[in-house]
Amino acid sequence: MKVLVTGAAGFIGSHICQFLLARGDTVVGVDNLNSYYDVSLKEARLAATRAFAGGTGKCFFPDLSGTNIRAADYRFIKMDVADRSAVADLFASEQFDGVVHMAAQAGVRHSLDAPFDYIDSNVTGFLTILEGCRHNDVGHLVYASTSSVYGANTNMPFSVHTPADHQVALYGATKRANELMAHSYSHLFNMPTTGLRFFTVYGPWGRPDMALFLFTRAILAGEPINVFNNGHHVRDFTFVEDIVRGVVAVLDKPAEPNPDWDSTTPASASSKAPWRVHNIGNGQPVELLRYIEVLEECLGKKAIMHMKPMQPGDVPDTSASVETLFEATGYKPETTVEQGISRFVDWYRAFYG
């Protein structure tokens, strides 16, 4: 396939680019390289993908490092997905078979300080992608949603069959808006769309604003770490490679209408339109204190912990039910935090010395 990957310099997007290239797809990646976090890390991800595409670098996925691909199969364009005319021109000229939309303004806490960033990127940017797919007969749009859409819900594990109507932060609200916008386009234009609710993604090449990155840097420097909710958070930590394999598995299975959908008792995860949402989580929730303990073991150094109350917009626990993902694709994540954190620490030491 010829696939557009937005957010191609991002944590998950860069991994998706490499996985698609390794299996033989042609990939066009776009990213605006904004300064929400260290731009040099984004540039390093791009350089690593270019090196892999050119046959001079390893794939982010160890089992795919020996794959032979052609440099012509990968192209990167610096572009803001909120740029309406640029995105329209890109779709018209490239004629993509599929789109994997990862570009977004991330971060629950940042949304308290910079709300318009989320509207520009997550709402306006998503609309330009929907319009590009609509007017160019794209076979399937797969896009990133988030476990944050479950908001005030505390019924565990989170299921896509449960309504997600009570948002507690603007970030989750914009992602829920994406799911509803996608449904309207699937309904109006018979356009296959699938939203994937990611659960606390971590791993090599991760985001510096995420807990694992912050904790690793501080522990190695002998500095204290802030442990919110006094460490009693429970999270469904999901390794990035598991996320990517799930994304690609979904991309290959375009959403179809649910013939049994009943408007008098409407299901929340499917529709009479070709629209779906799935969770992608590990399904093995881990308490934050255990997560830190595994990191300490991998680093060979103890953390200095400052216990803090829960932050505004945060939720105490997350846990994913992935039954619809497995039903649709036969895939479910399996990497344990012990395996995943070890892989992250190996990468961190190699990258930062």
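**Exercise 1. The packing of α5 and α6**

Task: Starting from the fact that α5 passes α6 in a right-handed crossing, describe how the axes of α5 and α6 are placed and which residues make the contact.

Solution. This is a predicted model, in which local features need pLDDT of at least 70 and side-chain atom pairs count only at pLDDT 80 or more, while totals for chains, interfaces and linings use all residues. Residues are numbered from 1 along each chain as its sequence is written, and side-chain values use heavy atoms, with hydrogens and water left out.

Step 1 concerns the terms. Helices (H or I, at least four residues) and strands (E, at least two) are DSSP runs numbered from the N terminus. Axes are lines fitted to C-alpha atoms, for helices over the stretch in contact, with angles from 0 to 180 degrees between N-to-C directions. A crossing is right-handed if the near helix is turned clockwise from the far one by less than a right angle, and left-handed if anticlockwise.

Step 2 is the geometry. The axes of α5 and α6 come within 10 Å and cross at roughly 15 degrees. That makes α5 roughly parallel to α6, since angles under 35 degrees count as roughly parallel, over 145 as roughly antiparallel, 65 to 115 as roughly perpendicular and the rest as oblique.

Step 3 is the contact (heavy atoms within 4.5 Å). From α5 come P115, Y118, I119, N122, V123, F126, L127, L130, E131 and R134, and from α6 come L170, Y171, T174, K175, N178, M181, A182, Y185 and F189. By class, this contact has 13 nonpolar, three polar and three charged residues, where Ala, Val, Leu, Ile, Met, Phe, Trp, Tyr, Cys and Pro count as nonpolar, Asp, Glu, Lys and Arg as charged, and the others, Gly among them, as polar.

**Exercise 2. The length and burial of α6**

Task: Compare the end-to-end distance of helix α6 (residues 170-189) with its expected span, and state which of its residues are buried.

Solution. Step 1: the expected span is 1.5 Å times one less than the number of residues, so the 20 residues of α6 should span 28 Å, and the end C-alpha atoms, 28 Å apart, agree with this.

Step 2: buried (under 20% relative accessible area, against over 50% for exposed and in between for partly exposed, with a 1.4 Å probe and protein chains only) applies in α6 to Y171, G172, T174, K175, R176, N178, E179, M181, A182, Y185 and S186. The elements that cover these residues include α4 (110-113), α5 (115-135), β5 (140-146), β6 (193-198) and β11 (275-280).

Step 3: just after α6, N190 takes a positive phi of about 55 degrees.

**Exercise 3. α2 and its partner α1**

Task: Work out how α1 (residues 11-22) lies against α2, and what covers the buried residues of α2.

Solution. Step 1: the 15 residues of α2 should span 21 Å, in agreement with end C-alpha atoms that are 21 Å apart.

Step 2: the axes of α1 and α2 come within 10 Å and cross at roughly 5 degrees, and the two helices are therefore roughly parallel to each other. F11, S14, C17, Q18, L21 and A22 of α1 meet R45, A48, T49, F52 and A53 of α2, and the residues of this contact divide into seven nonpolar, three polar and one charged.

Step 3: the buried residues of α2 are L41, K42, A44, R45, L46, A48, T49, F52 and A53, and their cover includes α1, β3, α7 and α11 (337-352). Just after α2, G55 has a positive phi of about 80 degrees.

**Exercise 4. α7 against α9**

Task: Classify the crossing of helix α7 (residues 211-221) with helix α9 (residues 288-299).

Solution. Step 1: the axes come within 11 Å and cross at roughly 45 degrees, which makes α7 oblique to α9. α7 passes α9 in a right-handed crossing.

Step 2: L212, F215, T216, I219 and L220 in α7 meet L288, Y291, I292, L295 and L299 in α9, a contact with nine nonpolar residues, one polar and no charged.

**Exercise 5. Backbone features in loops**

Task: Locate T200, N229 and P157, and describe the backbone at each.

Solution. Step 1: T200, in the loop between β6 and β7 (201-202), has a positive phi of about 35 degrees although it is not a glycine; at 21% relative accessibility, T200 counts as partly exposed.

Step 2: N229, in the loop between β8 (224-227) and β9 (234-235), has a phi near 55 degrees, again positive in a residue other than glycine, and at 19% relative accessibility N229 counts as buried.

Step 3: P157 is found in the loop between β5 and α6, and the peptide bond from M156 to P157 is cis, with omega near -10 degrees.
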